Structure formats: C-alpha cells, structure tokens
Amino acid sequence: MSGSAARTATADVVCLGESMVTFLPSQPGRLADVPSFGRGIGGAESNVACALAAAGHRAKWVGRVGADGFGDHLVDAIAGYGVDTSAVRRDPDRPTGVYFRTATDRATDAHEVAYYRAGSAASAMSPHNVPYDDLLTTRVLHLSGITAALSADCLALLHDLTAPRDGRPLISFDVNHRPGLWREGEAGPEVLLALARRSDLVFVGKDEAEEAWGVHGTEAIRAALPEPDVLVVKRGADGVTVFSRSGGGDTVTTVPSLRVDVVAAVGAGDAFAAGFLSATLRDLPVRDRARHGHLMAAAVLTVPGDLTGPPPRAYADRLAALDDEAWGTLRLGPGWTVADGANEEVRVT
C-alpha cells in the first residue's frame, strides 16, 4: 500500500463517483416496446463499494445526490449493503440522475441505454464541495473515468485527488472510457490517460485501450502506462494480464477467465475491480488477486442485476488456491455463491 501514515485510515476503501437510479426492463426488447421497468441502483464506484462491504471490508461511498426521493432510495439501498454513506451530500438545486436500459448484452448493437443525468447533483462535485477528510483517510481511494466526464468541476476534482501529496492513499483508477459522456471538443482519451498515469493501480480493458488510445496488445498498453505500480489489463474471455512492479522491473502475471453460465452481462467490470481490491487489501499474491476478481465477476454475471452478494470468503479462497488445471475446469452457474459450502458440486458444475 502507498503510505497513509500521516493519517489514520477510517475506511479500507473509499469510492467516489455518481450513483444513479436504474430502471431495468421487465422483458427483452427495445426501450420503445418494454411495457414496464423495475427500479434498481447503478454506478461504477458505488457498485465497487457495495461489493467490498458485502465482502466484509470497511467501504465508504462519497457522492452527491438530489434532495429528492431517488436520492433517498440510493442512499438507503447502498447503505443496505453495509456501505458507509455518511459523507454523501444532498443538493437542493439539482436532481439525482436516472437511466433506463434494455435487457440485451451491452456489447451488442441491440443494447440501448437512455441517461437522464445532465445537470445532476453528482455533476456538481468539485474540489470545493466534497469532504476531503473522508476521501483521504482511507487505505485505498477508488476512482473512475466516468466521473471525469461528468463536468469540468468533476475533472478538476479527479486531477486534484490524483496529484502527488504527502500521505496520499493508494489511488485505484478504473479507466471506464465512455465516449458518449464526453462533451464535443473534449479530449476524453487524453484526459483518461493522464489520470491513469497519476494513479497507483489501474484497471483497463484491452479493447478499451485500443479504442481510446490506439494501442494494441498488453505490452503496448503497459508502455503507454509505465507509471502505475500495478496495471490490470482485462482481455475479456481470455482473462487478465497484470503488470506489477517489483525491484527494477515488472512481474507479468496472466490469469485465465472462468467459464460462467451468464445470466446478464452487466456489472462484471466493477465486480472484478472489487474482488481484486479485496484481495489487495488482504495482501494476497497477484495471481490470487486476479482470481478473486474473476470470482466476484462470476457472482454478478450469474444474476440478473448489477449487484449481488459475493461468495463466502473461505469458499472463494479455496477456489482461488486451486492449481491451474483445476481452475481451468471450473464452470460456475446461477446459485453457485449461496449453496452449502459442504456441497461444492452444486455451485461448481
């Protein structure tokens, strides 16, 4: 962990960002054809906080919501996972953001998302109105590129938080390149690259790096991001490659993905980050950090929504410790995280 000796950590991880009320379709189809929606919550950073809290860590979410019913729902729902929401601020002049999505995989052309977040309470976050004491008294501060895209004030906040300072917590940054969020004329890819280079632990997708920065292959991504002590390159079904600085150079660790019977392909990236961070907080080996990321992602992939309870820690530790051959034979389906640990075959098929 990068040093926070100057401050006493009041949380294991603090996650800063926008959370929104999400409306999930009652059936597949175009947004124009879906007759009704169920209410949930969504937000990259709050998803990570919820997963970490459910896994037994002291997690805090810092954000802004409107002084409205949707804001009430978000704060209550996130706190329900065990997350500390005491640093969330209410904005009397701006609304809580909401969005609607279809049931299809977001990687397909049929997937639709309708955001209603312009001018939201979260977009007004700035270095002048967030509680820095809460943000800096933690072992890990987790940020994402989504926040940088919300407004000039939000970008200024991320620039300030990633700046070198005495006692800075470990800065975890998920690139989360969302081209549709950046305003015309803004150099989103360049901004995200600069923020990633100022961070200690970075998560980025291989395809994401190709789209944003035009770099191809894991080695080229590391060359574009030489500064972070740990760089996690997510390669989809091919697994992840982790570059971890040790001594004068990198140790490169490649961990295959799990075979998963997918129910809904949403929330997996946030869950992977939570699993990796959980294992990092426990100072587990790099291979096991990546495996815990895969296991947390598998938990979310086998349920309909963006969030679910993680597998029990002792069970996840047993799976993460399997030899390479046994790891490669795992197949996880719905319900694998909640079955009786004495009967593992009902969870791993």
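**Exercise 1.** Which residue just after helix 1 takes a positive phi?

Solution. This is a predicted model. Go to the end of helix 1 and read on along the chain. Gly 56 has a positive phi there, of about 100 degrees.

**Exercise 2.** Find how many of the eleven residues of helix 1 are buried, and name them.

Solution. Step 1: a residue is buried here if its relative accessible area is under 20%. Step 2: apply this to helix 1, where ten of the eleven residues pass, so the helix is largely enclosed by the rest of the structure. Step 3: the names are Ala 44, Glu 45, Ser 46, Asn 47, Val 48, Ala 49, Cys 50, Ala 51, Leu 52 and Ala 53.

**Exercise 3.** Describe how helix 1 (residues 44-54) packs against helix 9.

Solution. Step 1: the two axes are 8 Å apart and the angle is about 45 degrees. Step 2: that angle makes helix 1 oblique to helix 9. Step 3: the handedness of this crossing is right-handed. Step 4: helix 1 contributes Ala 44, Asn 47, Val 48, Ala 51 and Leu 52 to the contact, and helix 9 contributes Asp 270, Ala 273, Ala 274, Leu 277 and Ser 278. Step 5: sorted by class, these residues are seven nonpolar, two polar and one charged.

**Exercise 4.** Describe how helix 9 (residues 268-281) meets helix 10 (residues 286-301).

Solution. Step 1: their axes come within 7 Å and cross at roughly 140 degrees. Step 2: the crossing is right-handed. Step 3: on the helix 9 side the contact includes Phe 272, Gly 275 and Phe 276, and on the helix 10 side it includes His 292, Gly 293 and Met 296. Step 4: the contact has eleven nonpolar, five polar and two charged residues.

**Exercise 5.** Work out which strands stand at the edges of the sheet with the order 4-1-9-10-11-12-13-14.

Solution. Step 1: the sheet is open, has eight strands and shows mixed pairing. Step 2: strand 4 (59-62) and strand 14 (249-255) each have a single partner strand, so they are the edges, and one side of each lacks a neighbour in the sheet. Step 3: direction ignored, neighbouring strands are turned by 20 degrees against each other on average.

**Exercise 6.** State how strand 1 (residues 11-16) is joined to strand 9 (residues 138-144), and which helix packs there.

Solution. Step 1: the two strands run parallel and are joined by four bridges. Step 2: one bridge pairs Val 14 with Leu 141 of strand 9. Step 3: helix 5 (residues 152-161) packs on the sheet and touches strand 1, strand 9 and strand 10 (170-174). Step 4: the direction of helix 5 makes about 145 degrees with that of strand 9.

How values were computed
Residues are numbered from 1 along each chain as its sequence is written. This is a predicted model: local features need pLDDT of at least 70, side-chain atom pairs count only at pLDDT 80 or more; totals for chains, interfaces and linings use all residues. Side-chain values use heavy atoms; hydrogens and water are left out. Axes are lines fitted to C-alpha atoms, for helices over the stretch in contact, and angles run from 0 to 180 degrees between N-to-C directions. A crossing is left-handed if the near helix is turned anticlockwise from the far one by less than a right angle, and right-handed if clockwise. Contact means heavy atoms within 4.5 Å. Ala, Val, Leu, Ile, Met, Phe, Trp, Tyr, Cys and Pro count as nonpolar, Asp, Glu, Lys and Arg as charged, and the others, Gly among them, as polar. Angles under 35 degrees count as roughly parallel, over 145 as roughly antiparallel, 65 to 115 as roughly perpendicular and the rest as oblique. Buried means under 20% relative accessible area, exposed over 50%, partly exposed in between (1.4 Å probe, protein chains only). Two strands pair if DSSP finds at least two bridges between them.
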